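Please walk me through this protein model, beginning with its overall make-up and then moving through its sheets, its helices and the surroundings of its ligand.

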Amino acid sequence: MDLLDTELYSSKPLQFGRELKKHFPLDADITYCNHGSFGATPLCVIQEQRRIQDDMNKWPCHFTWRKSLPLYKQALEPLADFMGTKTKNLVFIANTTTGLNSVLKSLNLRPGSAIMGTSLTYGAVQYAIQETVRIKPGLKSLFMDIIFPIHSKQDLIDRFTSYLDEHPNIKLAVIDHITSPSAVLMPIQELVALFHSREIFVAVDGAHAAGQVQVNLDELDADFYTSSMHKWLFAPRGCGFLYISPRHQGNVHPAITSWDYAGSDMHAEFQKEGTRDQTPYFSVPAAIRFYQEIGGWETVRNYCRPLADDVVDLLVKAWHTEKLPIPRELEAPCLRLVRVPFIEGYHRADVSISRCLHNEFMPTIFISLYYKVNEYILIHLNVVLDPISSKLGRLCRVLAQNDARWDYLYMQLGDTSLLMDKTESDLKLQEHIFFEYKLQLIMISCQGKSYVRVATPAYTDHRDFEEMARIVLEIQAKANVCRSNAST
Ligand SMILES: Cc1ncc(COP(=O)(O)O)c(C=O)c1O
């Protein structure tokens, strides 16, 4: 298909699944099962972005000086309608990371205040919180552990309530609408009410929400809400928005300080970020039009959510495993975690450092597994005799001697985990599946178990996930043959 010559709406009614996938430039040879990370942009939106880029390239000065700001403001209009607010409360930003950085770095919290996230907060956002408290003396960061299983929505809300009882100094909470990589749909309306009842500001990380769940920003009434529209709203990459409640306008500035700093026009201030290509923002009306033309929120949800349900069943049955233990009401519509079966050769602990830890601590602490993930360490410990706390200092020393950054240490006591990411073995499996089988998936490690995060945008269908199920079983079967050959 010619990239610049798509007549999207010629073949109505548009079919979801493989028919819809033809409207994306995705490589037809790759089974694409990880929409969640970076989204996918339809050809018609790319076409619109190129049209605007052509215009920009014809007269760079005229475009930048005279056309950019009006285009920026115009593009906010359909977005404001879509997200249930007014343009005056919205600014474009490159992505969720930028949006949250703008909020975190701008707010003047009193010394002694704490900013809270959770153990499910996106890693880059955890860093942004840590950096904020580093550059603003007197502030503290707190991360509430969210341990699975979660039994009900109320169970989760109760955990937040107890945490706030224990930490009355929290003044800002950064809460995901849909957590990533764990794919928990947070009870965001109830949490905003809970935080506000304690005079805590709430910044919602809605990176995965816009386009996946219906959001009415005015009704939600969070202090800040940010999302990356390249994920589920079909915008070009590098396209997000930040909602700033009228209560805070004038107090939040762009993460990049530039022209119009602290001026009276919030749009003008956020639009100036130095010189850069803002055509992703100007393409948002085309992205929203695409979303509406394929049926809009209801139609998309009515296809994608049952598909996610079916795919989870399919994988659980095929692999004889289970989904992440969360209640139905906290399941994201199109993003779920399913455990992959144990595969010999992939799911094995790295023994080098664990041998050292064993020597140091056995028999007081039994170290069952060890992974090194970039600079993080993830350990499964079973405390045999003493409480772990009395051993922490020594444990940290051993880790430090082994090059581990123990100040960012996430530990696993019993079978509870604070870090969700990929282990080296998960990454190896993910890469093997991509290069050998041409299927893109994303592996997630959670509480010592390996999961695949399933994403079901409207251009996927059952066949993609049947393929995923088959490939994993084939790799497992081959690994078992190798093991039995080795042992004979
Ligand atoms: C919950 C969450 N927050 C923030 C981000 C960062 O998004 P971006 O890279 O678009 O800034 C992501 C990306 O996956 C995410 O899942």
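The paragraphs below go from the whole chain to its individual parts.

The model is a predicted one, and its protein chain has a secondary structure of 18 helices and 15 strands. Of the 488 residues in the protein chain, 42% count as buried. When contacts with a separation of 6 or more are considered, 70% of those in the protein chain are between residues 24 or more positions apart.

One sheet to look at is an open one of seven strands, arranged in the order β2-β8-β7-β6-β5-β3-β4 with mixed pairing. Its edges are formed by β2 (90-93) and β4 (140-144), each of which pairs on one side only, and from one strand to the next the twist averages 20 degrees. Helix α5 (residues 96-106) packs on this sheet, where it touches β2, β5 (170-176), β6 (201-205), β7 (224-228) and β8 (240-244), and the direction of α5 makes about 160 degrees with that of β7. Towards the β4 edge, strand β3 (residues 114-118) and β4 run parallel and are joined by five bridges, with Thr-118 having Met-144 as its bridge partner in β4.

Further inside the order of strands, β5 and β6 also run parallel, joined by five bridges, and here Val-174 has Ala-203 in β6 as its bridge partner. Strand β6 is largely enclosed by the rest of the structure, because five of its five residues are buried. In a regular strand, side chains alternate between the two faces of the sheet. Both faces of β6 are covered, with Phe-201, Ala-203 and Asp-205 buried on one side and Val-202 and Val-204 buried on the other.

Helix α8 (residues 188-197) offers another view of burial, since its residues Ile-188, Leu-191, Val-192 and Phe-195 are buried. These four lie on the same side of α8 because they cover an arc of only 100 degrees around the axis. The elements covering the buried residues of α8 include α7 (153-166), β5, β6 and α9 (217-220). After α8 comes Glu-199, a residue with a positive phi near 60 degrees.

Which residues come nearest to the ligand? Of the 13 residues around the ligand, these are Asn-95, Thr-97, Ser-180, Ala-207 and Ser-228. Two or more residues of the shell around the ligand are given by each of the elements α5 and α6 (123-135), so named here for the reader to locate them. By class, the residues of this shell divide into four nonpolar, seven polar and two charged.

A single loop residue links distant parts of the sequence. Ser-152 lies in the loop between β4 and α7, and it counts as partly exposed because it has 14 C-beta neighbours inside 10 Å. Although Ser-152 and Pro-327 are 175 residues apart along the chain, their C-alpha atoms are separated by 5.5 Å.

A helix pair comes next. The axes of helix α4 (residues 60-83) and helix α13 (residues 284-293) come within 8 Å and cross at roughly 40 degrees. On the α4 side the residues that meet α13 are Ala-75, Pro-78, Leu-79 and Phe-82, and their counterparts in α13 are Val-284, Pro-285 and Ile-288. By class, this contact of α4 with α13 has seven nonpolar residues, with no polar and no charged ones.

The last part of the tour is an open sheet of three strands, in the order β9-β15-β14 and with antiparallel pairing. Here β9 and β14 (443-446) are the edge strands, each pairing on one side only, and neighbouring strands of this sheet are turned against each other by 40 degrees on average, direction ignored. Helix α14 (residues 296-319) packs on this sheet and touches β9 and β15, its direction making about 5 degrees with that of β9. Strand β9 (residues 335-339) is mostly covered, with four of its five residues buried. The antiparallel pairing of β9 with strand β15 (residues 449-455) extends over five bridges, in which Arg-336 stands opposite Val-454 in β15 and Leu-337 has Arg-453 in β15 as its bridge partner.

Definitions and conventions:
Residues are numbered from 1 along each chain as its sequence is written. This is a predicted model: local features need pLDDT of at least 70, side-chain atom pairs count only at pLDDT 80 or more; totals for chains, interfaces and linings use all residues. Axes are lines fitted to C-alpha atoms, for helices over the stretch in contact, and angles run from 0 to 180 degrees between N-to-C directions. Two residues are in contact if their C-beta atoms, placed from the backbone, lie within 7 Å. Ala, Val, Leu, Ile, Met, Phe, Trp, Tyr, Cys and Pro count as nonpolar, Asp, Glu, Lys and Arg as charged, and the others, Gly among them, as polar. Two strands pair if DSSP finds at least two bridges between them. A residue is near a molecule or strand if its C-beta atom, placed from the backbone, lies within 6 Å of it. A residue is buried if 20 or more other C-beta atoms lie within 10 Å of its own, exposed if 12 or fewer, and partly exposed in between; C-beta atoms are placed from the backbone. The arc is that of the directions from the helix axis to the C-beta atoms.
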